[in-house]
Structure formats: C-alpha cells, structure tokens
Amino acid sequence: MKAVEIIKDDLKNDVTWNRAGQLGVKGARALPRASGQYLVDKLPIIGWLPRYNYRWLLNDVIAGLTVGLMLIPQGLSYAKIATIPVQYGLMSSWLPSAIYCFMGTTKGRYSPGRESPNLSTGPTSLIGLLTSEAVEQLKDEYPPSEIASAVALMMGVYGMIIGFLNLGFLLEFISLPILSGFISAVAITIILNQMSSLLGESNVGDGTARQIHDIFNKLPDANGYSCAIGFSGIVLLTILDHAYKRWNKNKILWFLSITRAFLCLVLFTGIGYAVNKNRGDPSNYLFPVAQVQANGQEPPRFPNRDLIAKVAARSVAVFVGSAVEHTAVARAFGVRNNYVTDQSQEIAYYGVTNFFNSFFHAMGVGGAMSRTAVNSACNVKSPLGGLVTTAIVLISIFKLVGTLYWIPKATLAAIIICAVWPLISPPQVFYRYWKSSLADFISSMIAFWVTLFVSSEIGIAASVGFNIVYIVLRQVFTRMSSIGAGPSQQSELAASIEESRRGIPSSGVPADAHVFRLGESLFFANAYAVHTAVLDVVKTHHAPAHGGAHGSEAERNWSVVGEQRVARLRRRAGVSDAAGLHPIGLVVLDFGRANHVDTTAVTHLRSMAAELRKYGGDEVEIRFVGMSPYVRERFERMGWHIVDASAMSSLSSSGDDGAQQQQQQQATKLFPDIASAVAAPRRALVEEDVELKKMESEYGKVTSSHKENA
C-alpha cells in the first residue's frame, strides 16, 4: 500500500508526468485545427489561387515560355551527364513544373508589383553527376534509365519523409563551406566528364586522375570538327552572356541572353543535320551526334523493386546534395524578391515530385539556379507559369524528338560546361574560410578533394562527419574563464582577461575566492571536463586548508602523481610562491551562458562540490550566478536545494531560528550577478550572527525571568 501511495504521489506531483499530461491534452485539443492548417500548408494553391489577378497571366505565360525554351537543352544536357539516353532528360522535365503549381510555397501576400515564388524545378547538373555514379555501379545489371528512375524514387521517399514530418531543418547541418567545396568539386568533375565529347575523343577512363591523363594523352587524336563545334558553342554562349551583362537595358539582348542555350542548340543542330544527313551510317558522320530516339512519352511504370533496394543507400548522397541545392535556391530568391519560403514544404514538394516523376522513366529533379533567375527576371507572378513550361516540354517530346537526333554531342558538352563553370568557387572564397575559421577551411577542403578524387557520397559524408565531430569536441572541451585575486590567476581555458573580469566588483576578488564563468551548456559530453578544470584551477591558485585532502589526510591518501600534476599546473600559471597561496573559501559559478544541463552534469557538479570541500575544508561555499529558471528547475529536480540570496537575507533578518532556517543555511545561494555573489557575507559569518542572536535571545529570557522573580 505504501508503494501505491508513493506512485500516486509521484503521478500527481512529478514534473515530467505533469508536463507529459499537459502536452497530451494540449495536442488533443489542437489536433483538428492543426490538421486543417497542415493541409493548407502542404497545398499552398488553396491560399493563393482565389486571389489570383487575371492581369498577371501575361507575365506568367512569358516566364513559362522562356523557362520552357531553356529547359529543353538543359534537360538533354543533364541527362547526358547522368549517362542515360538524352531523351529521358525531356521526360524528366514536364511534370515538376505542374506539381509546383500546386505545392510551391510562400508566406508573403500576392499583390500587383510584388513577385511570387519563382523556383524552377527540373534536371540539374549536380543531380546528373550524382546519378551517374549510381548508374556506373549498376549499369551491367540494369538499363541506365531504370537506374536513374529508381534513384529518383528514393530521392522522393527521403524528401517526403523529411518534408511531411517538417524536418527540413536537418539540412542545416550541412554548412556553407562544405557546400562550396562539394559543389566546386562536382562542377570540375562534370567538366572533365564532358571533355571527351567536346574534343571528340574516345576511351577516356573513369576517375579524376585517370580522366586528366587520358584527355591530354589522347589530345593528338581529337576530332577537329567536334572541337570546332564545341568551342564555337562556348564562344557563342559566352558572348551572349557578357553582352547582356554589359548592355542590360537592351530587351533584345536580354532575350537572346536568357535563351542562348536554346539558340545554340537550334543553330548547331541545323549544322549537324546539314553536314551529316547524307553520310549514311553514324560511324561516317563528321562528328558524333546525340542520336535521340524516342516516340513520345513512354507509359508510366513503377521502377524495379529489386533495383530500388540496391540504390537505396546510394541515393542518400544524391538526395542530400540536391535537396540542399533545392532549398538554397528557394531561400536565395525568397530573400531577393521579398517573400518567405517554407523549407519543409519545399522538401515535401521535392519528395512528391521525384516520387511520381520516377514513374515516367525520369531522372531526379530539383531547383535550378539559372532557370529560377530567368523566371524571376521575367517578373513571374505565380506558379501558374509552370503549366506553360510543362506544355512547351511536352510539345518537344511529342513533336521535336526526331529533330533532336542531330544535336552534336560537342554542343551539349559546350552547354553543360558553360552552365556549371559559375558553380566553381574562386580561390578567394576558400582563402576567406582560411582567414575566418580553420575548421570551416578544413571541412571545405575535405568536401572538395574527397569528392573530386574519391566519390561524392564519401566526400559529403566525410566533411559532414568532420563538422559533427568538431561541434561535439567544442562542447566537450567547453571554454571556461576564471579569475581569482591575483593578476596571474587566470585559467588556461579563459577566453580573455577582459571577458573574465566582466562583472567582477571594483574591489576585486577576495584572496580565498575564485569565479568561474561557463562558456557553454553543461551536458554529459563536457561535464567531466568542467569538473576537472574547476578543480585544477583551485588547486593551482589555492593551498589546501588545514585538514584538507593535502593536510592531515595526506598521510593515507598520499599520491606522488597528484603532487607532480599540481606542481606542473602551478609552473604553467606562473605561481612561484606556493607557500603564500590562500586556502579556497568561496567558488562562484556563473551560469549566464549555460542554457541547458542534464543529469550527468548535475551529478558531476555535486561530486565537484564534495571534492572542493575535501580540498578546502567544510567551510568552502559554492554560489551560483545567472541561472535561468529552466536550469534551476533541472538542478532542483535532481535534489539540489537552491535558494535566492534575497530570501536568505530576509530569513536572517527575521530572526527565525527553526528547522527551516537550518535547511536554508545548507542550500546553495543563487545571486543575480557576480559582484553580489562575491561581496555577500559568507555562511560562517551568517551562522555566527545566528548564534549571536540565539545568545541575545537567551540573555533576554534570563533577564526577564530575574525581573519577574524580583
């Protein structure tokens, strides 16, 4: 029965049980409304379509048409990067724009003159390269297009899990330096992969080092016609790009610039058709052509189930790289055009698109920087422009595939090289990382070199792993500043003298006191390090009290290693006169920067307090400063009795001398700042005051008794 009563009391008064119950009730009440809001958030068209203005239709049509013309050559080119038949690039490009019309995100308000979400989704160079690695590993067992579709399906599964559970914040674990190194390496790899098509070379091996060797080794055997076509395409694309940047007010140059890839494709496809149509067998062509062969859109089909299991792990790197790229593009243009994107919703859209798009023999898709920039420049007003893009791509699939047969491979290579060249971060970017943070520089270099010479999966995993280890180690070896009475009493862990002395009273710290300012939250990973650091500083700058661990007990707890360690610590701190050190009497812990503690941390601090009293005697007092209500509650739930210093003062002045006062005297005092914690009277003095009041009270009682007897 006693156990039952204990359980009832625990269920009634325990903080954790009460909080769980409150959260359960709150969640049940909010469920209906939250479900409706969740549906609206996942289908933003419900919110913006009723407010659509028909005058925006012209802008949307122009933007959709322009992006569609860009998407045709890019879809073909990025399929080539993925090492799948190029027609599947077009088949990957029509559905994403239509789905974005329903799931494109914004939290801004649509109004005339204010731009809306303009993310353009489809095949990208990054996805193409990452997909090609999976294709290369499995191409002997399955057709390349099926492998790409299976990878796209798994990208969709991962995206829907993270997006629908609103876990988009997880992608923030990939830092900007990692992205810079990773994307730069990917861009260089893509360019190297295209050099064989640009130069008309054959039998170029795999791997960065082997490719560089083979490209230069086979340079004398390069196809002159392919070189002429390829480099002419690069020159044309570069001229049109720079012409608009110089004369950006000219509308004709603007249109020629944004459609330059399409114009290049049309021009050199015409040349390819003219010079090769009468040459019979493709082996007799003056230069290799794409040989696009398709009869419209193939019927939908679920990817091979056995293949899905084989690409599941390989698809993680594709998902991570493309999802980060997708959300980064969305955020960048949201900031530029004054609207707010929902990162989790963007990943949900990304997941749905890749999942259903994979049924149409498609490769993975994601947000593209160049097409999104054009969409924005066209002053698109709503995601309805995506329907026009879908129509343009479908027309090309059903009506233009025969014409696309004659696209020179060198032209596709030129379009790809010009598209990915801006993705390579210049050396000054990495030098800026070097100057600002060694850890950021190392993570970017790991991402760059490992991705370039090993693989993209290992590159991004190694760099992210390094960042995680670095963050954990920063927490484990938390920075902690300390200050004592003398100018030399500065901990090795102090950030700076100025930071350590902030909040110290002008009169300084008493000779028998030491102040410690915690630099991070306390939890299982760094609690022991903080415990050890505090004890090391105390033993370095303070002598043991008479009867402490190095006093009368030293005879039975004698340790040569311990003495040598303390001697080393004092030499490092410049403490030459150990005989002149004061015993420790007061330790102040500043929790101003510690916004979290766990069970391990509280346990280690309790052990630290016991060791301090063993070293300095039972009169050593520990005081807390700047503790938040959350941290204080954690301590109290672990049985640590904490009272406000003001409550202690009022209790002492009231003259109460019962059991409550004795309990308060044994509690740890909490002060608002370091100055008051250092200046407040010590416990011994307070206890003397209490004894004096007791004596005065007893003297008063005796005096009254004598008067009554008289």
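**Close-up views of a predicted model**

**Figure 1. The segment 446-473 in the predicted model.** Helix accounts for 93% of the chain over residues 446-473, strand for 0%, and the C-alpha atoms at the two ends are 18 Å apart. In an unreviewed UniProt entry, residues 446-473 are listed under "transmembrane region", together with residues 56-76, 147-167, 174-192, 222-240, 252-275, 384-407 and 414-434.

**Figure 2. The segment 174-192.** This stretch also appears under "transmembrane region" in the unreviewed UniProt entry. Over residues 174-192 the chain is 89% helix, with 0% strand. The C-alpha atoms at the ends of residues 174-192 are separated by 26 Å.

**Figure 3. The largest pocket and its lining.** The volume of the largest pocket is about 1,400 Å³. Its lining comprises 48 residues, and those closest to the centre are M369, S370, C418, A419 and P422. By residue class, the lining of the largest pocket consists of 32 nonpolar, 12 polar and 4 charged residues.

**Figure 4. The second largest pocket and the elements around it.** The second largest pocket holds about 1,100 Å³ of space. A total of 43 residues line the second largest pocket, and T83, E136, N193, D206 and Q211 lie nearest its centre. Two or more lining residues come from each of α4 (57-81), α7 (125-138), α9 (176-199), α10 (208-217), α20 (409-420) and α22 (438-453). The lining of the second largest pocket divides into 17 nonpolar, 19 polar and 7 charged residues.

**Figure 5. Backbone geometry at N166.** N166 is located in the loop that runs between α8 (144-164) and α9. Its phi angle is near 55°, a positive value in a residue other than glycine. The relative accessible area of N166 is 38%, so this residue is classed as partly exposed, the class between the limits of 20% and 50%.

**Figure 6. Backbone geometry at H361.** H361 belongs to the loop between α16 (343-357) and β2 (366-367). Phi at H361 is near 60°, which is positive although the residue is not glycine. H361 counts as buried because its relative accessibility is 10%, and the buried class covers values under 20%.

Conventions:
Residues numbered from 1 in each chain as written. Predicted model: local features only at pLDDT ≥ 70, side-chain atom pairs only at ≥ 80, totals over all residues. Heavy atoms only, no water. UniProt positions renumbered as here; feature names shortened; annotations may be inferred. Helix = DSSP H or I, 4+ residues; strand = E, 2+ residues; numbered from the N terminus. 1 Å grid on protein atoms, 1.4 Å probe; cavity = no way out; pocket = protein on both sides within 12 Å on 5 of 7 lines; lining within 4 Å. Points joined across faces, edges and corners; volume = space filled by probe spheres on them. Nonpolar A, V, L, I, M, F, W, Y, C, P; charged D, E, K, R; others polar. Buried < 20%, exposed > 50% of the residue type's maximum accessible area, 1.4 Å probe, protein only.
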